[in-house]
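Subject: Structure for you to look through

Hello,

Here is the structure I promised to pass on. Please open it first, then read my notes beside it.

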Amino acid sequence: MPSFEFIVESIDEGVLLCDLEGCIFYVNQRMAKMLGYRVEKMIGEELFDFMTPQWAAAARENLARRALGVADVFEHEFRHRDGHALLTLVATRPIRMEDLESYEASLVAVTDISERTQAIEMLRRSEESFRTLSENSPDGILIHRDLKILYANPALARLLGYQSPEELCAVPIRDIARDQDIASLPERIAHANPNTTMTPFEEHQIRRKDGTVILVETAHYRGLYANQAAVISVLRDISARKELQSKTMQLDRMLAAGTLAAGIGHEINNPLAFISGHLDLALEEVIGDLALIEDTPPELPLAPEHRQELITSMQDIKHSLEVAHRGSMRIRDIVENLRLFTREEYEAPYPVELIDVLESTIQMLGDELPSSTQVIRDFGEVPPIIGYESGLGQVLLNLLINAAQALQEVERAQRELKISVYQQEGAVFINICDTGGGISPANIAHIFEPFFTTKPPHRGTGLGLTISKKLMTRMGGTLEVTSRPTRGTCALLCLKPAR
């Protein structure tokens, strides 16, 4: 008996001995622990007390078979001390005493299989859940191993034009995937996200049953299928998305073209109005001069006062035509500078008289500057700068128009535009400050982005500052804008001196 006890106390199975009436006369520690009791509490008790009535009835029948010398292996349910059911695998063998011919007891070996059963049940439920999700998933799901398709869901079969998943499973994977994609799959899986073990989605072409090629997104991860390693692939049809993206890009280009056209109108509107006004003045002068000449008889010379009138008038006409010519050149240069959005191909910068360009630009503001605005000129002596006359004029015009429009939003007594020009530390600076409403901190970070504007649609398109920034970069200079809400805005230009 000591050797028997040594063996049964060493194994990881529950062991008990009972007579054929069910009275327990030996229990090992493992069996007692399995049911939540101490050994001494189980000795002398009936085996059936540790079962529900239903399972106790089955145990009585089994003991009757032991009396006939029959050994059995079967699943049986015990009841733990706390009341929960414990599913076990029971192996029983009848025992006969040496001096007796009949069987007097039963050796019962008990293995706890509840965890294994729960695991099997969880696996079964997991497989059922997987199939439910897979069968109803809008994305294609493919499970494959060694280039053989093991499973495909209905969505993938529909996507590839097959009648059923079973038909698709009979197709070699090379018939639907490109060789280069198959060859790169191990490396993709090797670099999968360590947290999800899933690869990122990538675009690939796959072949349908009819031979046509469609674009999909694929992601993969390693898993188990039928208890063996396999690759699970998710395929997402993106044909409709690509078509929508293409249409959206086309619409964006149309909107950009429309906005750019509006921006061109915004840029040339002021010089065009300036040209038109001076041409009207010149035309009025010419009409007056012609009337004066026609009123003078051909045989008589012009009176000295009329001659002086004609000379003065011709000088005015000459001035108006020169100004109109400069305005037309400005428009030509503005249109030419739209190439800034497509390429960087320009002539080298040259010396430009900054003050002349600045005065001409202030004059071009015309009616854009609100009435009662106090314009303060603080022009120091500065050398010519390196740049482009038209480009610099366009930048200054954009900044001055922005300042003028900002001043329209404040009271007349507060309208002030200060333009400072000075040289400092080997650079020439132009500082244009207004006392307008200013720019909010949320918007100041975006003012140089194309098409960003806080103005109403009829007053701006968001191109002026973008073009100005590019023009300053092209001239080797910089443009910075600072602003404080309700306190005004300052634009600081830094340019390289020509000497």
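**A buried arginine**

Let us start with Arg66, which counts as buried because its relative accessibility is 1%, and the cut-off for buried is under 20%. Keep in mind that this is a predicted model.

Where does Arg66 sit? Its place is in helix 4. What does Arg66 touch, once neighbours within four places in sequence are left aside? The contacts are Leu20, Ala71, Asp72, Phe74, Thr92, Arg93, Pro94, Tyr103 and Ser106. Thr92 comes back below, as part of a strand pair.

**The whole chain**

Now step back. The chain has 499 residues, and 39% of them are buried. Its secondary structure comes to 14 helices and 17 strands. About 28,700 Å² of the chain is exposed, with 54% of that supplied by carbon and sulfur atoms. Take the contacts with a separation of 6 or more: 57% of them are between residues 24 or more positions apart.

**The sheet under helix 4**

A reminder before the sheets: strands of a sheet pair through backbone hydrogen bonds, either parallel or antiparallel.

Find the open sheet with the order 2-1-5-4-3. It has 5 strands, and the pairing is antiparallel. Which strands stand at the edges? They are strand 2 (24-27) and strand 3 (72-79). Each has a single partner strand, so one side of each is left without a neighbour in the sheet. On average, neighbouring strands here are turned by 30° against each other, direction ignored.

Strand 4 (residues 85-96) and strand 5 (residues 103-112) run antiparallel, joined by 9 bridges. Here is Thr92 again: its bridge partner is Val108 in strand 5. Helix 4 (residues 53-67) packs on this sheet. The helix touches strand 1 (14-19), strand 3, strand 4 and strand 5. Its direction makes about 145° with that of strand 3.

**A surface patch**

For contrast with Arg66, look at Ile7. Is Ile7 buried or exposed? Ile7 is exposed, because its relative accessible area is 52% and exposed means over 50%. Ile7 lies in helix 1 (residues 2-10). Together with Phe6 and Ile11, Ile7 forms a nonpolar patch on the surface. The accessible area of these residues together is about 320 Å².

**A hairpin to practise on**

Next, go to strand 6 (residues 140-145) and strand 7 (residues 148-152). They run antiparallel and are joined by 4 bridges. His144 stands opposite Ile149 in strand 7. The hairpin has 2 residues between the strands. Asp146 takes a positive phi there, near 55°.

**The second sheet**

Another open sheet runs in the order 12-14-15-17-16. It is made of 5 strands, and its pairing is mixed. At the edges are strand 12 (374-379) and strand 16 (478-484), each pairing on one side only. Neighbouring strands of this sheet are turned by 10° against each other on average, direction ignored.

Look hard at strand 15. How many of its residues are buried? The count is 8 of 8, so strand 15 is largely enclosed by the rest of the structure. Both of its faces are covered. On one side the buried residues are Ala427, Phe429, Asn431 and Cys433. On the other they are Val428, Ile430, Ile432 and Asp434.

Strand 15 runs antiparallel to strand 14, with 8 bridges joining them. Gln424 has Ala427 in strand 15 as its bridge partner. The two strands form a hairpin with 2 residues between them, and Glu425 in the turn has a positive phi of about 50°. Strand 15 also runs antiparallel to strand 17, through 7 bridges. One pair to check is Val428 and its bridge partner Leu495 in strand 17.

Strand 17 (residues 488-495) pairs with strand 16 too, in the antiparallel sense over 7 bridges. There, Arg484 stands opposite Gly488 in strand 17.

Two helices finish the tour. Helix 14 (residues 464-474) packs on the sheet and touches strand 16 and strand 17. The direction of helix 14 makes about 140° with that of strand 16. Helix 12 (residues 389-407) lies across strand 14 (416-424), strand 15 (427-434), strand 16 and strand 17. Helix 12 runs at about 25° to strand 15.

Best wishes

Conventions. Residues numbered from 1 in each chain as written. Predicted model: local features only at pLDDT ≥ 70, side-chain atom pairs only at ≥ 80, totals over all residues. Heavy atoms only, no water. Patch = residues over 30% accessible without salt bridge, like charges linked within 9 Å, V, L, I, M, F, W, Y side chains within 5 Å. Areas by Shrake-Rupley, 256 points an atom, 1.4 Å probe, with all protein chains shown as cover. Salt bridge = Lys/Arg side-chain N within 4 Å of Asp/Glu carboxyl O. Buried < 20%, exposed > 50% of the residue type's maximum accessible area, 1.4 Å probe, protein only. Pairing = 2+ DSSP bridges. Axes fitted to C-alpha atoms, helices over the stretch in contact; angles between N-to-C directions. Contact = heavy atoms within 4.5 Å.
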